[in-house]
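The following note sets out several points for a colleague's consideration. Please read them alongside the sequence and the coordinates.

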Amino acid sequence: MRRTVSTRAVNAESRPDVRSDIVSAISGILADPGDTLAGLNSIFHRSGYSQEDIWSAFQGIDDLVIAISEHEALFISQSLVRRARLNTLDDVRDTLVAFGLVASREYSTTLVGFIRMMMAEGARNPSLKKRVYEAGSEIVTRRLREFLSEANEKGILSISDAQVCAEQLMGLLREPLYQALMLNPVTSQKVTAADRVKAGIERFLDGCASARSARYERTI
Amino acid sequence: MNAPFEAGRGSWLARSSDNPSSLKVVDDVPSDLANSADEHGSLVTVDPVDWIICFVPGLKRQWWHRFVHHKHKHVFAMRPTNTGSWLLVEPWWTRMMVTILPPADAVKFLRWGGTGDILRVRESVPGRASQLRGWSNCAVLSAFLLGRSSWAWTPHGLYRQLLREKSTRRGNVKQLLVDQFTKVVSHHSSNALSVSADQLSLPLRELLIIIGRNLLETMMTPALLEVCYTAILEADRYPNATRVYAQHGPRRAIAVLTKILAKAKQAGEIALADCEAGARQFLGMLYGNIHLEAVLQLGEIPTLSEIDLRARAAVKVFLDGAGPDEAGILAPGPLSNVGGSLPVAARRAWVYLR
């Protein structure tokens, strides 16, 4: 287990599949809502990989946590990156709903445990917390901003600040995260997660002001 | 020895306290200060407060532990403040540690206290302790802090003495956190969600901007961010405290927003099937990334002008959407004098929407 850094680095580069497999396994453990207080050792044990396996693939805890964060960011934002077309408002709507469904699910499962782990580890290692955030949430927000910007340039959307809009949408989709972080058990809601995401995207794209009111208020 | 002195019985250092003006003024002290001393010789008169006294086992093994009670090897005192932080007074062998702890750190000490016994004890003012008591171990210094005349030499001796007092109450960590969170979060929520009667009659767009700005400004106060951080971190260990945060914080905001939206819906200003869902959506848009970033202590707290801009942007998207056919209403000009930028402290007299 105690290897030199250079040996670890060589192993990490030569075993990308193992890294990916370990990250997927640990993400799966974090998604288990019943084990939010689990320590890292317990998480490693339940992942099915020995600590020796893990530390031969990763250079340390920072490397592992950042890899998980990157993995999550890629997973959440894949619908923004791999979309087929972007010509109409319906295209935007479909892409955002697909993105929102994945994001909402991750915010209510894997990312709950991940955020808690990040907070606990972050107290000991504040720089890690920032790097993890940059590798995860910031990447997702950037891809969403790029998507919104493109839609704006094509005249499909009409937004003045794509970054702020992207953050608003992220905040809107993050509600399950706050629910899970603060309410255990999570309070049941009248609508399903999918309906909630669709309603949220509708609100983001269409707003809720009635036409009469909007016309009136825009004149004042 | 220049601290406020005791006028208690039998103390050969005690001086008459009946008439402060009759005290002999020291030449080096300005007369206005000397004359403002209260009946106990103190420059300020502070009402007695409750201390949380924690009798705990040691964190690390010490040779003398075998001679004292198995759970009461050390004693320290804590007191919650109005801002979510805690005052800690912990006697060490080598110093007296007096510091302000953020809630997350305070929970560590409270958990330590929970491994032994916790008492809530009202301090005595001016007190009956004496500096001449000597041997400044943790039990003696804690008794001194409380103003107790005590001959107890051990934490357990002090514990038994305090427990004999009728006003002493036992405490537990869960309830202490619930009480503290309730006090801090409800205070901030009330301020954030206060709107004047005049503002209630404003068009929805303007009212939402005012409320949104107040909410964001309040959410970004360091005290609330620290309480939120602790609520998340301790959600499994102390779920009731976390639930209290949610009930008095976000849920209260959602309830008020829901009422505002329902009223606007009735007036035909908005088309919303579910006003509570709309309130949640609006709050989520306000949160954006900045709240999570602030809770995780990842960046600078936004300035008031940034908060204002974000509140306006959230209201705009919430009402008009990001789709085409928008009107440029983000410029702060027309609304800058409507309700104004609202300092939280100035809202106390306003109507609170319950």
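1. In this predicted model, the largest nonpolar core has 143 residues, and the members that touch the most others are I53(B) and Y245(B). Helix α7 of chain B, residues 204-219, gives the most to this core, contributing nine residues. At least three residues come from each of domain 2 (50-171) and domain 3 (174-347) of chain B.

2. The surroundings of Y245(B) deserve inspection. Leaving aside neighbours within four places in sequence, Y245(B) is in contact with F181(B), V185(B), V227(B), C228(B) and A231(B), and also with M182(A). The contacts of Y245(B) thus include residues of chain B and a residue of chain A.

3. Helix α2 of chain B covers residues 103-114. Its 12 residues should span 16 Å at 1.5 Å a residue, and the end C-alpha atoms are 16 Å apart, so the expected and modelled values agree. The buried residues in α2(B) are P103(B), A106(B), V107(B), L110(B) and G113(B). Viewed down the helix axis, the buried residues of α2(B) fall within an arc of 115°, and therefore line one face of the helix.

4. In chain A, F99(A) lies in helix α6, residues 89-108. Is F99(A) buried or exposed? F99(A) is buried, because 25 other C-beta atoms lie within 10 Å, where the cut-off for a buried residue is 20 or more.

5. Not counting residues up to four places away in sequence, F99(A) touches S77(A), S79(A) and L80(A). As for A25(A), 74 residues from F99(A) along the chain, the C-alpha atoms of the two residues are separated by 22 Å.

Technical notes
Residues are numbered from 1 along each chain as its sequence is written. Chains are lettered from A and ligands numbered from 1 in the order in which they are written. This is a predicted model: local features need pLDDT of at least 70, side-chain atom pairs count only at pLDDT 80 or more; totals for chains, interfaces and linings use all residues. Helices (H or I, at least four residues) and strands (E, at least two) are DSSP runs, numbered from the N terminus. The expected span of a helix is 1.5 Å times one less than its number of residues. A residue is buried if 20 or more other C-beta atoms lie within 10 Å of its own, exposed if 12 or fewer, and partly exposed in between; C-beta atoms are placed from the backbone. The arc is that of the directions from the helix axis to the C-beta atoms. A nonpolar core is a set of buried Ala, Val, Leu, Ile, Met, Phe, Trp, Tyr and Cys residues joined through C-beta atoms within 7 Å. Domain bounds come from an automatic or database domain assignment. Two residues are in contact if their C-beta atoms, placed from the backbone, lie within 7 Å.
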